[in-house]
Amino acid sequence: MTGDAASQAARATPFDALPRTELPAWQALAAHAHGLRGTTLRDLFQADADRGTRLTAEACGLYFDYAKQRLTDETKQLLVQLARSSGVAERAEAMFRGERINVTERRAVLHVALRAPKSHKIFFDGHDVVPDVHAVLEAMAVCAEHVREGRWLGHTGKPIRAVVNIGIGGSDLGPVMACQALRHVSERSLTLRFVSNVDGTDFSEAVSDLNPEETLFIVSSKTFTTQETMANAGSARAWVLKVFGDEAAIARHFVAVSTNADAVAAFGIDTANMFGFWDWVGGRYSMDSAIGLSTMIAIGPEAFGELLAGFHAMDEHFRSAPFEENLPVLMGLLAVWNTTFLGSRTIAVLPYDQYLARFPAYLQQLTMESCGKRVTLAGDAIDPGTAGGYTTGPIYWGEPGTNGQHSFYQLIHQGTEVIPCDFIAFAKSLNPLGRHHDLLMANVFAQAEALAFGKSAEELVAEGCADWLIPHRTFPGNRPSSTILAEQLTPRLLGSLVALYEHAVFVQGAIWNINCFDQWGVELGKQLAGRIVPELESQDAPALSHDSSTNALIRRYRLMRG
């Protein structure tokens with residue numbers, strides 16, 4: 001399909017017959033949001049004794065409480081109507097069928113196939129891809145078991161005890177997050193490190209205390225040409241050769257996650273130790289592909305299989321559950337409601353589990369690389385400053401509780417910005433210690449309650465607060481939040497949690513009518529960097545043709561570098 005044909009196909013579907021802002025459900029929501037301006041969460045809870053138990057949903061071990069969101073039953077009905085009229089179900093089925101819904105790159109979007117059981121069939125261009133996926137998983141399992149059991153030997157015959165994953169973006173953020181999240185079930189005799197930044201400090205610090213004789217590098221780059229990854233891989237190669245002085249050592253200390261066999265072989269890696277994936281796997285959706293090799297080495301093939309089972313359970317729930325009870329649909333709709341109709345520009349993700357410390361960083365790529373778009377699938381501008389425009393792509397950010405409470409919660413509670421929050425918590429600690437977990441969970445529930453209801457001037461007067469201090473101690477409340485509660489953080493639960501956010505992003509993209517599977521916005525900076533590198537490295541003063549600021553910065557850098 002050509003680019004023009006892809007655009008025409010995107011336009012041709014019934015749910016794209018009207019621009020989004022002309023859909024009756026959209027217009028009804030806009031009017032409804034205006035009518036809710038004077039209604040607070042205090043009002044909503046006082047008027048509805050069952051709200052806290054009714055506005056909830058549950059699936060795949062996740063209990064989702066959205067009662068503290070600024071919505072009514074009518075809001076929910078209108079949001080569901082918007083999802084239906086925007087073709088969320090039709091687009092989801094197209095994804096599961098292997099259609100090329102990534103229209104700008106003419107690619108299918110089949111990360112759901114990465115976690116499909118062997119018994120399933122998922123086709124792309126008439127070919128069932130599930131056997132291919134499981135062939136790679138089986139090869140990964142052999143590698144992982146050899147390393148974990150000490151049977152993978154380095155060049156001098158010593159077993160591998162340290163694994164360093166070299167990648168960037170989706171080849172780094174997912175494995176980093178998963179390995180930390182599942183640290184409790186990981187093999188503690190192994191050291192896992194991750195290198196992503198082209199800053200030499202990242203590589204240097206990662207290997208500073210490692211023994212090259214016992215270190216295995218995983219180079220993760222689909223094309224084996226990613227600039228930052230290959231720069232770090234080259235430094236790793238030099239680090240190994242400096243010790244061994246023998247090119248044959250590369251094959252014992254490197255494996256590759258790539259599809260470029262020629263480049264992998266030229267690097268010195270045995271292509272028998274190359275683990276592939278496919279064009280229909282987007283980088284930010286790849287942590288359960290061969291990109292997850294470091295995760296599988298850390299937690300073992302069996303636990304990795306549980307991780308995949310959790311992903312698949314949420315896939316099935318997303319595909320089959322009614323919208324009114326569908327966790328990803330509800331989460332995606334809430335993001336659209338808060339961002340586009342209520343004007344919030346950010347969403348805070350607040351996991352109350354130290355193992356999920358990197359989960360907000362992982363979600364930043366998943367959400368903002370997906371929904372940071374300003375044109376529709378057909379290329380029409382959706383700038384909110386134009387007629388018929390609207391806001392997309394909220395900023396996701398966050399830190400684990402309770403640390404964040406002593407950092408940025410001040411702004412969430414009393415600042416001028418209204419920031420919707422996702423609280424994530426678990427009923428059982430993986431590391432029970434005295435009353436720590438009850439203290440942790442008390443803070444989860446208290447923060448959500450405080451955000452919703454605040455503290456009024458009248459309440460402060462009743463407490464005897466001095467008049468002059470009342471404005472400073474008043475909490476406005478009416479700050480929306482959702483709480484995701486699960487029993488315990490396990491590999492399966494983590495898979496379901498990640499898939500929940502993946503499909504919520506899909507819902508947002510379908511409603512905003514954007515392509516949430518491309519990422520052209522990362523290209524321009526890379527291209528300009530490629531042009532600037534030789535200007536920095538030139539021995540002679542190069543002729544510069546950038547803007548005056550960039551030219552001056554390049555010259556100042558060369559002067560300071562000496």
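These are my notebook entries on a strand pair, the nonpolar cores and one buried methionine in a predicted model.

Before starting, I noted that residues are numbered from 1 along each chain as its sequence is written, and that side-chain values use heavy atoms, with hydrogens and water left out. Local features need pLDDT of at least 70 and side-chain atom pairs count only at pLDDT 80 or more, while totals for chains, interfaces and linings use all residues.

Entry one, the strands. I looked up strand E5 (residues 162–166) and found that five bridges join it to strand E6 (residues 191–195), the two running parallel; strands pair if DSSP finds at least two bridges between them, and helices (H or I, at least four residues) and strands (E, at least two) are DSSP runs numbered from the N terminus. Within this pair, Val 164 stands opposite Arg 193.

Entry two, the cores. I took a nonpolar core as a set of buried Ala, Val, Leu, Ile, Met, Phe, Trp, Tyr and Cys residues joined through side-chain atoms within 4.5 Å, where buried means under 20% relative accessible area with a 1.4 Å probe, protein chains only. The largest such core has 126 residues, and Trp 280, Phe 359, Leu 494 and Tyr 501 have the most contacts inside it. Helix H21 (residues 491–512) gives the largest share of this core, 14 residues.

Entry three, Met 331. I found this residue in helix H15 (residues 327–341), and Met 331 is buried, with a relative accessible area of 7%. Among the residues that Met 331 touches (heavy atoms within 4.5 Å), not counting those up to four places away in sequence, are Phe 64, Leu 500 and Tyr 501.

How values were computed: Buried means under 20% relative accessible area, exposed over 50%, partly exposed in between (1.4 Å probe, protein chains only).
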